Amino acid sequence: MITFNRWLLAGFFVLAATGCSSTPEPTTTTAAPATNSASRDNSDDTNRQRERATPAIAQARAIANTLDDLSDDTVDSAVAGYYKSHNNEAAWFDDQGRARAEIKTLLDALSRADRQGLVTADYGYEALAQRIERADARPGALDADTVAALDIRLSQAFVRYAVDLHQGRIGEGDLRPRWYEDLPAVDYAGALERATRDGDVDAALTELRPPHDGYTRLVKALADYRAIVDAGGWPDVPDGPLLETGVRDSRVPTLRKRLQASGDLTPDAATGDNIDDGVAALETMDESEAGAGDTRSPRYDASLARAVEHFQRRHGLKVDGKVGPGTLAALNVPAEQRVRQIEINLERWRWLPADLGERYVMVNIPEYRLRAYSDGQPALEMRVVVGESYKDRATPVFSDAMEYLVFRPYWNVPPGIAADEIVPKVRKDSGYLDKKRYEIVAQFTPDAEVLPNTPANIDKVEAGDLYVRQRGGSSNALGLVKFMFPNEYAVYLHDSPAEQLFTRTERDFSHGCVRVQYPDQLAEFVLAEQPDWDAARIDKALHEGERQRVQLDESIPVYLAYWTAFVDDAGVNFRADLYDNDPRVEAAMRQVQRATPNDAPAAGAGSI
């Protein structure tokens, strides 16, 4: 209170020293002494200045009192910091208790929060809008306590929305990935400053949204899919035999409508009246149009097959233009569920750092795909194999910095795999270790002594007292190179001798590490900033000599991400939820409860 009183006294001294024109003297029959008239004029001026100052002072006092009741969470700390830096002046109302124009801009922004996949009700939009509407109908009629309560509530709504936009609704916990660097602190009080003092609420909020193109494109996809829902969604395609080019089936008209609704089939092609490869125009009539008793059914034409291929590509399915069980199941996922899937993935984008690095590698686990970026632009893309969805072999979602790579590496077999998978085979075939280039060692170091393959040592391997590693070479489980970003999961990127796995549509076969389709190209990308490592030298290191470790001059961030909905040049993509993560994120989002401003004061002459 000492600080507040000092400011209050200073305000009065300033007001007393400020000149202001006097009102005319009232007409009287008796003239007052000149000195008394001047004294009264000065006294009236001071009183009028003091009366005009009183609402602002009362507002500041009420705001200061209310701040004492705020919590120490991120939102309230930012709000309190803002007011204290402005001597507890109102942010959204003027000193006469009238709403400033920025309130409408804020309310408009809150009303559009759902466009970002957030929940408008979290910020108390309806209650705030109603109170501001009533306040606008009676400008200047609010008492100081009501102004203070509403002003703080508006600031809390702004900061809560800003926090959710920037870092997501779900707080710290098991669902949020662990990134290799802590996210930088954000000045939410500064954002509130820009919104209220600079008068640009939208700009202040836009600065806090994820800056990534993937997020922006997914926001657009959310609007598009909500429009599909509002238009009635799409029809279910009934179960039945395989649909492929040339067959006639009563379900084909429904399939056309389904694919047209999602944009995979253009309206002109959806009629089925086009001619394909010289074949006569195909029928689209239903039984009633064909005539009573006519059993002819519509025909599956080439244009429809191309639309199915486009749908399959967007959903990570085998692209064959045929509607079998897998494609049918994806077709019949309701549009409402796709909307929720987009919302979940927008939340995941908000967890990601705003700055991913100048050069980085990102793996999308459900897509089975790796992309490398340079200066924010895609530089390399390839298929990957990820961890199995059972036996605790899922590839974790996290990031770390790649520090080095190893050509022709040893594979240090995890003790559990050695005991469960290798030991039984050795006991059946004593030559198994030699055939697979395995060695028994006492420790996982490059110069470790190789121990003899004896029953006693095999027993020690099973007990975890000795270890098994595989020598480098083309048959090594890690292939010819591994890319190391040391982490608590012992997960990394590496080559694989099982090249046939990359031809599969679903590629979850590893024990948790990520196998890459083109290790030589990834090595060239990783070493691109080190001129002494050209393509020829990389090729030699891959196929000749012994194990070789190469330290990177600069580390490269690696992100193992989990997008089940994303947008690329083919359109909005959806992928199967490989590790059943989406329901857990959705449940956590539903459990988030936000305080709404329904407890604003109702007492006082200006209450609303």
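The following exercises, each with a worked solution, concern the packing of helices and strands in a predicted model.

Residues are numbered from 1 along each chain as its sequence is written, and side-chain values use heavy atoms, with hydrogens and water left out. Because the model is predicted, local features require pLDDT of at least 70 and side-chain atom pairs pLDDT 80 or more, whereas totals for chains, interfaces and linings use all residues.

**Exercise 1. The chain as a whole**

Task: State how many helices and strands the protein chain holds, and what share of its residues is buried.

Solution. Step 1: the protein chain has 21 helices and 15 strands; helices (H or I, at least four residues) and strands (E, at least two) are DSSP runs, numbered from the N terminus. Step 2: of the 608 residues, 47% are buried, where buried means under 20% relative accessible area with a 1.4 Å probe, protein chains only. Step 3: among contacts between residues at least 6 apart in sequence, 70% join residues at least 24 apart; contact means heavy atoms within 4.5 Å.

**Exercise 2. Helices α3 and α7**

Task: Describe how α3 and α7 pack, and identify which residues of α7 are buried.

Solution. Step 1: the axes of α3 (residues 74-85) and α7 (residues 188-196) lie 8 Å apart, at an angle of about 55°. Axes are lines fitted to C-alpha atoms, for helices over the stretch in contact, and angles run from 0 to 180 degrees between N-to-C directions. Step 2: α3 and α7 are therefore oblique to each other; angles under 35 degrees count as roughly parallel, over 145 as roughly antiparallel, 65 to 115 as roughly perpendicular and the rest as oblique. Step 3: the crossing of α3 and α7 is right-handed, a term that applies if the near helix is turned clockwise from the far one by less than a right angle. Step 4: T74, A78 and Y82 of α3 make the contact with Y188, A189, L192, E193 and T196 of α7. By class, this contact of α3 with α7 has five nonpolar, two polar and one charged residue. Here Ala, Val, Leu, Ile, Met, Phe, Trp, Tyr, Cys and Pro count as nonpolar, Asp, Glu, Lys and Arg as charged, and the others, Gly among them, as polar. Step 5: seven of the nine residues of α7 are buried, namely Y188, A189, G190, A191, L192, A195 and T196. The elements covering them include α3, α4 (101-111), α6 (144-167) and α8 (201-206).

**Exercise 3. The four-stranded sheet**

Task: Give the strand order of the open sheet and find which helix packs on it.

Solution. Step 1: the order is β5-β8-β6-β7, with antiparallel pairing; two strands pair if DSSP finds at least two bridges between them. Step 2: β5 (411-412) and β7 (450-451) are the edge strands, each pairing on one side only. Step 3: helix α18 (residues 455-463) packs on the sheet and touches β6, β7 and β8 (467-470), and its direction makes about 80° with that of β6. Step 4: follow the pairs. Two bridges join β5 to β8, and N412 has R469 in β8 as its bridge partner. Four bridges link β6 and β8, with V441 partnered by Y467 in β8. Two bridges link β6 (residues 438-441) to β7, where I440 stands opposite L451.

**Exercise 4. Strand β9 and its neighbours**

Task: Determine which strands pair with β9, and which of its residues lie on each side.

Solution. Step 1: β4 (residues 398-407) is joined to β9 by four bridges and runs antiparallel to it. Step 2: β10 (residues 493-494) also pairs with β9 in the antiparallel sense, over two bridges. Step 3: K482 stands opposite V406 and has H494 in β10 as a bridge partner. Step 4: in a regular strand the side chains alternate between the two faces of the sheet. In β9 (residues 481-484), V481 and F483 lie on one side and K482 and M484 on the other, and all are buried.

**Exercise 5. Helices α19 and α20 and the loop between them**

Task: Characterise the crossing of α19 and α20, and decide whether L527 is buried or exposed.

Solution. Step 1: the axes of α19 (residues 519-526) and α20 (residues 535-543) come within 10 Å and cross at roughly 130°. That angle makes α19 oblique to α20, and the crossing is right-handed. Step 2: D520, A523 and E524 in α19 meet A535, I538 and L542 in α20. This contact of α19 with α20 has four nonpolar, no polar and two charged residues. Step 3: L527 lies in the loop between α19 and α20 and is buried, with a relative accessible area of 0%. Step 4: not counting residues up to four places away in sequence, L527 touches L405, F407, W533, I538, V550 and L552. The C-alpha atoms of L527 and Y404 are separated by 9.6 Å, although these residues are 123 residues apart along the chain.

How values were computed: Buried < 20%, exposed > 50% of the residue type's maximum accessible area, 1.4 Å probe, protein only.
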